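Okay everyone, thanks for coming. I'll put the structure up, and then we'll talk through some charged side chains and a few strands.

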Amino acid sequence: QVQLVESGGGLVQAGGSLRLSCVASRSILSINAMGWYRQAPGKQRELVATMTSGGSRNYADSVKGRFTISRDNAKNTVYLQMNSLKPEDTAVYYCNAVLHEWGREYDYWGQGTQVTVPS
């Protein structure tokens with residue numbers, strides 16, 4: 001199992017930046033993949049960015065060139081640097097961890113952190 005705790009959300013003007021953090025309760029090197037998803041009001045949760053334990057990154061087209069996912073293995077922390085924020089980035093952002101254990105895949109989620117970019 002793994003517990004995830006996000007932080008760093010807030011209100012920021014369009015064009016501004018925020019950095020989200022997600023601290024895991026175990027070594028992130030033991031986690032197959034970690035990522036960030038978001039859910040805006042009335043919409044489904046969507047992928048923002050993911051990173052495998054091997055370091056491969058994947059981004060939603062809507063955030064490519066603006067957001068960067070990174071990690072600090074020593075701190076068991078994954079970050080999401082968000083630049084050039086737009087009103088459409090407003091959502092609750094969730095940290096996700098995927099574990100492959102005992103032949104099965106397990107998904108874990110943090111509690112979410114709100115990001116608001118006023119129009």
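So here's one to start with: is Arg-38 buried or exposed? Have a look for a second. Right, Arg-38 is buried, with a relative accessible area of 6%. Before I go on, keep in mind that this is a predicted model.

Now, what does Arg-38 pair with? One partner is Asp-89, and the two form a salt bridge with the closest N and O atoms 2.9 Å apart. If you trace the chain, that pair links distant parts of it: Arg-38 sits in strand 4, while Asp-89 is in the loop between strand 8 (77-82) and strand 9, 51 residues apart. And Asp-89 is buried as well, just like Arg-38.

There's another partner, too. Arg-38 also meets Glu-46 in a salt bridge, at 2.7 Å from N to O. Glu-46 has 36% relative accessibility, so we call Glu-46 partly exposed, because buried would need to be under 20%. Put that together and you get a network of salt bridges that links Arg-38, Glu-46, Arg-66 and Asp-89.

How many salt bridges are there by this rule? The count comes to 5. Let me show you another of them, between Arg-26 and Glu-101, where the closest N and O atoms are 3.3 Å apart. This pair also links distant parts of the chain: Arg-26 is in the loop between strand 3 (18-24) and strand 4 (33-39), and Glu-101 is in strand 9 (residues 91-101), 75 residues apart. What about burial here? Arg-26 is partly exposed, at a relative accessible area of 22%, and Glu-101 is partly exposed too, at 24%.

Okay, let's move on to strand 3. Why do we say that strand 3 is largely enclosed by the rest of the structure? Because 5 of the 7 residues of strand 3 are buried.

Which strands does strand 3 pair with? Strand 1 (residues 4-7) is one of them, and the pairing is antiparallel, over 4 bridges. To find that on screen, look for Leu-4, whose bridge partner in strand 3 is Ala-24. Strand 8 pairs with strand 3 as well, again in the antiparallel sense, over 6 bridges. For that pairing, find Cys-22 and then go across to Val-78, its bridge partner in strand 8.

So if you take one picture home, make it Arg-38: buried, and part of a salt-bridge network with Glu-46, Arg-66 and Asp-89. Okay, that's me done, over to you for questions.

Definitions and conventions:
Residues are numbered from 1 along each chain as its sequence is written. This is a predicted model: local features need pLDDT of at least 70, side-chain atom pairs count only at pLDDT 80 or more; totals for chains, interfaces and linings use all residues. Side-chain values use heavy atoms; hydrogens and water are left out. A salt bridge is a side-chain nitrogen of Lys or Arg within 4 Å of a carboxyl oxygen of Asp or Glu. Helices (H or I, at least four residues) and strands (E, at least two) are DSSP runs, numbered from the N terminus. Buried means under 20% relative accessible area, exposed over 50%, partly exposed in between (1.4 Å probe, protein chains only). Two strands pair if DSSP finds at least two bridges between them.
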